[in-house]
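Colleague: Got a minute to go through this one with me? Put it up and I'll fire questions.

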Amino acid sequence: MRKLKQKINEALASVIPITLIVFILSITIAPLPLGMMLMFLAGALLLVAGMGFFALGAELSMMPIGEGAGSELVKSRRLPIIILVTFAMGVIITAAEPDLTVLAHQVPAVPDRILIWTVAAGVGIFLVLALLRTIFKLKLKYMLLILYAAVFILAYFTPDSFLAVAFDSGGVTTGPITVPFIMALGIGLARFNDEAHSQEESFGLVALCSIGPILAVLILGILYHPEGVSYTPFEMVHVETTQDVFKTFMAEIPHTIFEVGKALGPILIFFCLFQCVTRCFLKRQLIKIIIGTIYTFIGLVLFLCGVNVGFMPAGSYLGAQIVTMPYAWILIPIGMIIGYFIVKAEPAVHVLKEQVAEISAGTISARAMELSLSIGVALSLGIAMLRILSGINIMFFLLPGYALSLLLSFYVPEIFTAIAFDSGGVASGPMTATFLLPFAMGACEAIGGNVLTDAFGIVALVAMTPLLTIQLLGLIMKLKQRELKLDLEGDDQIINFEEAEL
C-alpha cells in the first residue's frame, strides 16, 4: 500500500498542472459548460488513481514478463523460433493497444480494422528487426538513417490524406500497454546478450517499432483508395447535473473494461504459454505478476475512462472556443503551455524515466529527462497550432526535424540517440490521442480547416520533437564531460609542474 500511495502521489503531481490550466482557461477566455467541467474534474481524479495503479502494475507484471521473454528468446539461439515468437508478440500487443483503437475511431480515411491490423503487422515486423539488431549488434543510428530515408521516399508517393495519419500511427502505437513490455524486452535481450554494452542496447526497440507503422500506413495509402472520405465531427455528451456525470462515467466503464480486457488478454495468454514452456518464473514471482496484472487492469480502466469521458470532450470544446476568438493566434502559446505540462501525465513517460535512471545508474536524471520531454512537446504543440491556423503542410516540419535528429545521432553518445527515439514514441500516448488530438480537431473544425491534413499530424509532431531535445541534452552532457576532463588534465599538469620544481 505504501508503494501504491507513492505512485498515486507522483500521478497527482503530474495531473494537477494540466487540470489547473484547463480550469483557468474555463473561467477566463474559454468558459466550459458546468456539466463538462464536472466531467473533466471527475476524469482528472480517475486519471490520478489510474496512473498510480498502472505504474505499480507495470512495475510488478509487464516489465518482468518482458525481461524474462527477452532473456529466454536469446538463450534459445534458434533464430526461426525467435523471429516467429517476436513477430507474434508485436502483432498481438499492438492490435490490443488502446491508443491505436482511439486513433482508428477518429480516422475517416480507412476502416478501423484495416488500419489496426496494418499497424500491428508493421510493429511485428519491426520488433523482429529490433531484436535482430540487438542479437547481431547493429548500429542503431545507421538503421534509423536508412529506414527514415525509406519513410520519406514513400511519403512522396502517398496521398496527402494518409501522410499525417501514417506518422500519427507511429506515435500512438507505443502506448501504455506496448511501452513497458517492449522496453523490458529490450533490457532482457541486452543483459543476456552482452553485459558490457547493455546500456546502449537496452533502448532502441520502441524507436524501431515506431517506424514500422509509418511505413505500413504509407504503403496502405498508396495501395488503398477509399471512396467518399468524410470526417464525422466529435459528438458532445450533454450533461447538466452531477447525476448525469455519474451516469455518463458508469455507461463508459463496461466498454472500457472490455477494451482493457481485450488488450491484456493476449499478453496473459502469451505469458501462460511462455511459462509452461520455459518455467523461468518461480512461484513467488508468479504471484507478484498476477497481482501486478490486476493493478494494471484497474489502472488502465480508470485512466482510459477518465480521459475518454472527461478529457476528450473538454479538449475538443476548448480548441473550438479559443480559435474563434478575435485574437486566434493565442492558440499557439496556449497549446505550448498545455504541451509542456500534459506530457507529465503520460503513463509510459514514468516507465521510461525510471528505466533510464536504472540503466544509466543515475547519470541521466529523471528530472533532466522530464524537462527535455516537456520542452519538446511544448514546441510540437506550438507547431501543430500554427499548422491549424495556416494550413502549412506537415512535411515542411517533419523532414527537417528528422534530418536534424539523424544528423545529431552522429555527434551524441549512442545511448542518448536510442533514448531520444524511444522518447518520441513514449511521449505520444493516450493523453495525446484523447486530449490533444480532439483539441486540434475542435480548433480545426471551428475555423473550417481540413481536419485530415491540418489537425491530424499532432501526434507525429509530439513524437518528433523529443528526438531533438533529448539528443541536445546528450550533446550538452558530452560537452560538459569534455570540459571537466580538460580541467582535470590541466590540474594534473599544474601538479606535475609543481612537483618537478620541488
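Colleague: Which residues in α5 meet which ones in α10?

Modeller: First, the ground rules: it's a predicted model, where local features need pLDDT of at least 70, side-chain atom pairs count only at pLDDT 80 or more, and totals for chains, interfaces and linings use all residues. Residues are numbered from 1 along each chain as its sequence is written, and side-chain values use heavy atoms, with hydrogens and water left out. On the α5 side you have I114, L115, T118, V119, G122, V123, F126, L127, A130, R133 and T134, and they meet L205, L208, C209, I211, G212, P213, L215, A216, V217 and L220 in α10 (contact means heavy atoms within 4.5 Å).

Colleague: What's the mix by class there?

Modeller: The α5 contact with α10 has 16 nonpolar, four polar and one charged residues.

Colleague: And at what angle do α5 and α10 pack?

Modeller: About 140 degrees, with the axes of α5 (residues 112–135) and α10 (residues 205–223) 7 Å apart. That makes α5 oblique to α10, since angles under 35 degrees count as roughly parallel, over 145 as roughly antiparallel, 65 to 115 as roughly perpendicular and the rest as oblique.

Colleague: Switching topic: which residues are closest to the centre of the second largest pocket?

Modeller: I81, V85, F270, F274 and V277, out of 17 that line the second largest pocket. Its volume is about 400 Å³.

Colleague: Which element gives the largest share of that lining?

Modeller: α11, with seven residues. By class, the lining has 13 nonpolar, two polar and two charged residues.

Methods: Axes fitted to C-alpha atoms, helices over the stretch in contact; angles between N-to-C directions. Helix = DSSP H or I, 4+ residues; strand = E, 2+ residues; numbered from the N terminus. Nonpolar A, V, L, I, M, F, W, Y, C, P; charged D, E, K, R; others polar. 1 Å grid on protein atoms, 1.4 Å probe; cavity = no way out; pocket = protein on both sides within 12 Å on 5 of 7 lines; lining within 4 Å. Points joined across faces, edges and corners; volume = space filled by probe spheres on them.
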